[in-house]
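Here is a short tour of the structure for your next look at the viewer. Keep the sequence at hand and follow along topic by topic.

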Amino acid sequence: MSSNPNNYAYPDARGHFGPYGGRFVAETLMQPLHALEEAYLSLRDDPDFRAELDRDLKLYVGRPSPLYPAERLTKRWGGAEIHLKREDLNHTGAHKINNTVGQALLAKHLGKTRIIAETGAGQHGVASATIAARLGLKCVVYMGAEDVERQSPNVYRMKLLGAEVVPVSSGTRTLKDAMNEALRDWVTNVDDTFYVIGTVAGPHPYPMLVRDFNAVVGRELRGQCQEAFGALPDALVACVGGGSNAIGMFHPFIPDSSVRMIGVEAGGYGIATGQHAAPLSAGHPGVLHGNRTYIMADENGQISGTHSVSAGLDYPGVGPEHAWLKDTGRVEYVSVNDDDAIAAFHELTRVEGIIPALETAHALAWAKRMAPEMGAGKRLVVNLSGRGDKDLYTVAKREGLKLD
């Protein structure tokens, strides 16, 4: 277990991060979750498992991902040096593959022949379908019907890889509802099926194991910063939906009080409108998808609708570790609206020749505000969590263009 500067171990034996986390699931899922926890705890420090995972991360995913000095962006914005952790250069185009490789190896060790996944922007679905193809596993991906429409390139990629993509038309037709359906599937098919959760949410042990698999990002970054400029960065910025890319970057730096960390949620049309996906900025504690965390819900506890131009951030909850990091003050959580994210999407594309995912563009928009305030001589690292190929149709449609 790890400890933060406030001297708490997280998660504890029950999967709690302070008052958050835990297991709030149907009785039929308790045994599979206990079995998964037992398997993960026995394998995570096993030399053979680590060697297999490290080999896949290097030879299949393409790690380590570079730390890129964005010199033209730094000059344009003024103030702190901007560096980009290039998770967009991973195989499949995002950080999601780090986690799916790890979970698929767990599935293999548990003797499962079928994996299921939920996806919003499609990157986790693509990563799950990719590793399933490599290991010869059946793969079913649940995706909100609205997201199927706005992420059609990734839907086609999943199908090319042999996955079955199931559109979910209930509720808001987005990520929340896709996760609901995946959980229903798992309850029914626990004997042969492994649920590859795509973020640091869900019941224990998922927030822990997804974080651990994605923490390769932060571990690499520590060494790369020392090599590049002989010190730790002054600030880290990452977007937060469920929160896997952010916690993967933040986690190895939690004990370093000199490193400021900022998580950027989706402000949608603006927090005041209620049309956003920012539970840490404007929500309250509650239970969603098997864990206690910050959620968006009405006074009766019914989950509220969300909105974000980015499908991957369009979620009414967040990982429980983020909830605890908010309460302890170790990480700052802010929001960026759709318009500012779109502007940052265009700016990085035109200034550095890198097309970011719309999720990542939220983090970039906040970094643009921060850099001048930090001043010259400071170093700010943005987690470039994914590439923007998947979002071209969304951006074009928003701007009245037709790509067909």
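Strand 13 (residues 284–288) and strand 14 (residues 291–295) run antiparallel and are joined by five bridges. Please keep in mind that this is a predicted model. From that hairpin, the briefing moves on to the open and enclosed spaces, the salt bridges, and a few spots on helices and on the surface.

**The hairpin**

- Two residues lie between the strands of this hairpin, and His289 takes a positive phi there, near 50°.
- His289 belongs to the loop between strand 13 and strand 14.
- Is His289 buried or exposed? His289 counts as buried because its relative accessible area is 8%, and the cut-off for buried is under 20%.
- Across the strand pair, Val287 stands opposite Arg292 of strand 14.
- Measuring from C-alpha to C-alpha in your viewer, you should find His289 and Asp340 30 Å apart in space, with their positions 51 residues apart in sequence.

**The largest pocket**

- The largest pocket holds about 380 Å³ of space.
- Its lining has 17 residues, and those closest to the centre are Glu146, Arg150, Val309, Thr394 and Lys397.
- Which element gives the largest share of this lining? Helix 16 does, with four residues.
- Helix 6 (145–150) is, like helix 16, a supplier of at least two lining residues.

**The largest cavity**

- When the whole structure is searched, one cavity of 30 Å³ or more turns up.
- The space in the largest cavity is about 340 Å³.
- Its lining is made by 30 residues, and nearest the centre are His95, Lys96, Gly312, Leu313 and Glu359.
- Several elements each give at least two residues to this lining, among them strand 7 (114–119), helix 5 (123–135) and helix 8 (175–188).
- Helix 11 (244–250) and helix 15 (358–374) also each supply at least two residues of the cavity lining.

**Salt bridges**

- How many salt bridges are there? The count comes to 28.
- One of them joins the side chains of Asp314 and Arg150, at 2.9 Å from N to O.
- This pair connects distant parts of the chain, 164 residues apart: Asp314 sits in the loop between strand 14 and helix 13, and Arg150 sits in helix 6.
- Asp314 counts as buried because its relative accessibility is 2%.
- Arg150 is also classed as buried, because its relative accessibility is 14%. Arg150 is the residue already named among those closest to the centre of the largest pocket.
- A salt bridge with an N to O distance of 2.4 Å brings together the side chains of Arg184 and Glu181.
- Arg184 and Glu181 are three residues apart in helix 8, so about one helical turn separates them.
- With a relative accessible area of 46%, Arg184 is partly exposed. Glu181 is partly exposed as well, at 23% relative accessibility.
- Asp339 and Arg398 form a salt bridge in which the closest N and O atoms are 2.5 Å apart.
- That pair, too, links distant parts of the chain, with Asp339 in helix 14 (residues 338–352) and Arg398 in helix 16, 59 residues apart.
- Arg398 counts as partly exposed because its relative accessibility is 37%.
- A network of salt bridges links Arg44, Arg211, Asp212 and Glu321.

**Helix 13**

- Which residues of helix 13 (residues 320–328) are buried? Pro320, Glu321, His322, Ala323, Trp324 and Leu325 are.
- Glu321, one of these buried residues, is also a member of the salt-bridge network with Arg44, Arg211 and Asp212.
- Just after helix 13 comes Gly329, which has a positive phi near 80°.

**A nonpolar surface patch**

- Ile355, Leu392, Tyr393 and Leu403 make a nonpolar surface patch of about 330 Å².
- Within this patch, Tyr393 lies in helix 16 (residues 392–398).
- Why does Tyr393 count as partly exposed? The reason is its relative accessibility of 38%, since partly exposed covers the range between the buried cut-off of under 20% and the exposed cut-off of over 50%.
- Helix 16 therefore appears under several headings: helix 16 holds Tyr393 of the patch, gives four residues to the lining of the largest pocket, and carries Arg398 of the salt bridge to Asp339.

Note on methods: Residues numbered from 1 in each chain as written. Predicted model: local features only at pLDDT ≥ 70, side-chain atom pairs only at ≥ 80, totals over all residues. Heavy atoms only, no water. Patch = residues over 30% accessible without salt bridge, like charges linked within 9 Å, V, L, I, M, F, W, Y side chains within 5 Å. Areas by Shrake-Rupley, 256 points an atom, 1.4 Å probe, with all protein chains shown as cover. Salt bridge = Lys/Arg side-chain N within 4 Å of Asp/Glu carboxyl O. Buried < 20%, exposed > 50% of the residue type's maximum accessible area, 1.4 Å probe, protein only. Pairing = 2+ DSSP bridges. 1 Å grid on protein atoms, 1.4 Å probe; cavity = no way out; pocket = protein on both sides within 12 Å on 5 of 7 lines; lining within 4 Å. Points joined across faces, edges and corners; volume = space filled by probe spheres on them.
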